[in-house]
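Subject: The structure I promised you

Hi,

Here is the structure for you to look at. Open it up, turn it around a bit, and then read on for what I found.

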Amino acid sequence: MSVVLNTKHLSGFINEEEYKAIYPQVEAAHRQLEAKNGPGNDFLGWMYLPRDYDKEEFARIKEAAQKIREDSEVLVVAGIGGSYLGARAVIEAVKGLYHNEIENGLKIYFCGNSISPTYLNDIIALCKGKKFSINVISKSGTTTETSLAFRVLRKLLEDEMGVEEANKRIYATTDRAKGTLKQLADAQGWPTFVVPDDVGGRYSVLSAVGLLPIAVAGIDIMEMMNGAADAKESYNLRSFENPVWQYAAVRNLLYRNGKAMEIFESYEPGFKMFGGWWQQLFGESEGKDGKGLFPVTAEFTADLHSMGQYIQDGPRTLMETVVSFEQPLNEFSVPFAMGDPDLLNYLAGRKLSDISRMAQEAVKAAHIAGGVPNLEVRVPKRDEAGFA
């Protein structure tokens, strides 16, 4: 299942000569990635995870996830940056923003990404008196935010269930052979999973870093890996029919033409965390040597009522990338109201997803007219394969 890139609204911002000039550069970048001979080539393992993942560990991840779902009411994932953003993005994109409140059974909470005492106390309150497990994720085991949260939650687990039972409920995702967390896990007998040496944290969602929490959420990780493998095959196309090539070309051309900020937008609140992960991927990867587009995320239509004026009439140094879904997770039709007290009966019977699409088209037209380049990424469906 592949995404489609809609670039037809960029004709007023990028001309054909510019496209032709950048084609060889994009092709060269693709070749360099495949040859692994560019900067950061020690961390390109993410490119091959969809097919070359550790099958034995994958089976252990599924077994551990099943155990957690059977013996726990709560899983707390302690990690920061790439150690939680990708997993949370997948879970909320596939299952919805309020999955913990709506679904019966196990709840998943994320901590170790803040040093706020209020946040940590809230997590403690959600775990206290419940059967809970911890998945602590850290390559080194010394990341301050994660280590502090883990120390507190481990003590709570031991106080409530005893040390022996607590040790059966802690799962460490860390370095294969070294580091503080690996040593501690081996000493206490916790099950361990690997942060691959050649995969940077922000690219690690298809490793145990992301797969264990995602599987615990009840998401089919095999389907996700198959979708990623299909995408890897599709996006390896050496042609400007490849949406990845198109996206790389457009971003770079607009950057060279004075666009300093990219706003990543969606009309789905459940996709907001994906924007946070995207922000890390581009901000941490490109923000070097005084260069790089500044990545910003927005949730529409909510943020139109706060940031809409700036986007419409502010400095013309920004571009928009909008993610849209052909099929919503759920559908809803507008009801008819006697007397039409809110003057909305003209929408009665219409699907909310259709109204959302109309709003998206209207916003797009207004922003383009206002001088904002607009790029649309179309995804068939918010499911495991669609996410991959």
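Let's start with a small puzzle: which side chain meets that of Arg-378 in a salt bridge? The partner is Glu-376, with N and O 3.3 Å apart. Glu-376 is buried, with a relative accessible area of only 4%, while Arg-378 is partly exposed at 32%. Before going further, please keep in mind that this is a predicted model.

**Salt bridges**

The idea behind these pairs is simple: side chains of opposite charge can pair when their charged atoms come close. The count here comes to 24 salt bridges, and two others are worth finding on your screen.

Take Asp-71 and Arg-169, whose closest N and O atoms are 3.7 Å apart. Asp-71 sits in helix α3 (residues 55-71) and Arg-169 in the loop between α8 (163-167) and β5 (170-174), so this pair ties together parts that are 98 residues apart in sequence. Are these two buried or exposed? Asp-71 has 18% relative accessibility, and because buried means under 20%, Asp-71 counts as buried. Arg-169 is buried too, at 5%. The pair also has company: Lys-67, Asp-71, Glu-165 and Arg-169 are linked in a network of salt bridges.

The other one joins the side chains of Lys-182 and Asp-186, at 3.2 Å from N to O. Both belong to helix α9 (residues 180-188), and because they are four residues apart, about one helical turn separates them. That ties in with something from your textbook: an α-helix has 3.6 residues a turn, so residues three or four places apart point the same way. Lys-182 counts as buried at 12% relative accessibility, whereas Asp-186 is partly exposed at 46%.

**The sheet**

Now look for the strands. Five of them form an open sheet in the order β3-β2-β4-β5-β6, with parallel pairing. At the edges are β3 (107-111) and β6 (192-194), each of which pairs on one side only. From one strand to the next, the twist averages 20°.

If you want to see one pairing up close, try β2 (residues 74-78) and β3, which run parallel and are joined by five bridges. Within that pairing, Ala-78 stands opposite Cys-111 of β3. As a reminder, strands of a sheet pair through backbone hydrogen bonds, either parallel or antiparallel.

**A helix to measure yourself**

Helix α13 covers residues 272-286, which is 15 residues. From first C-alpha to last it reaches 21 Å, close to the 21 Å expected at 1.5 Å a residue. Which of its residues are buried? Among them are Met-273, Phe-274, Trp-277, Trp-278, Leu-281 and Phe-282.

**On the outside**

Next, turn to the surface. Leu-97, Tyr-98 and Ile-102 make a nonpolar patch of about 340 Å² there. Ile-102 is found in helix α5 (residues 99-102) and counts as exposed, at 67% relative accessibility.

Gly-12 is exposed as well, with a relative accessible area of 69%. You'll find Gly-12 in the loop between β1 (4-6) and α1 (16-35). How far apart in space are Gly-12 and Gly-112? They are 45 Å apart, C-alpha to C-alpha, and 100 residues apart in sequence.

Have fun exploring, and write back with any questions.

Cheers

Note on methods: Residues are numbered from 1 along each chain as its sequence is written. This is a predicted model: local features need pLDDT of at least 70, side-chain atom pairs count only at pLDDT 80 or more; totals for chains, interfaces and linings use all residues. Side-chain values use heavy atoms; hydrogens and water are left out. Patches are made of residues with over 30% relative accessible area and no salt bridge: like charges are joined within 9 Å, nonpolar side chains (Val, Leu, Ile, Met, Phe, Trp, Tyr) within 5 Å. Accessible areas come from the Shrake-Rupley method with a 1.4 Å probe; for residues, only the protein chains shown count as cover. A salt bridge is a side-chain nitrogen of Lys or Arg within 4 Å of a carboxyl oxygen of Asp or Glu. Helices (H or I, at least four residues) and strands (E, at least two) are DSSP runs, numbered from the N terminus. Buried means under 20% relative accessible area, exposed over 50%, partly exposed in between (1.4 Å probe, protein chains only). Two strands pair if DSSP finds at least two bridges between them. Axes are lines fitted to C-alpha atoms, for helices over the stretch in contact, and angles run from 0 to 180 degrees between N-to-C directions. The expected span of a helix is 1.5 Å times one less than its number of residues.
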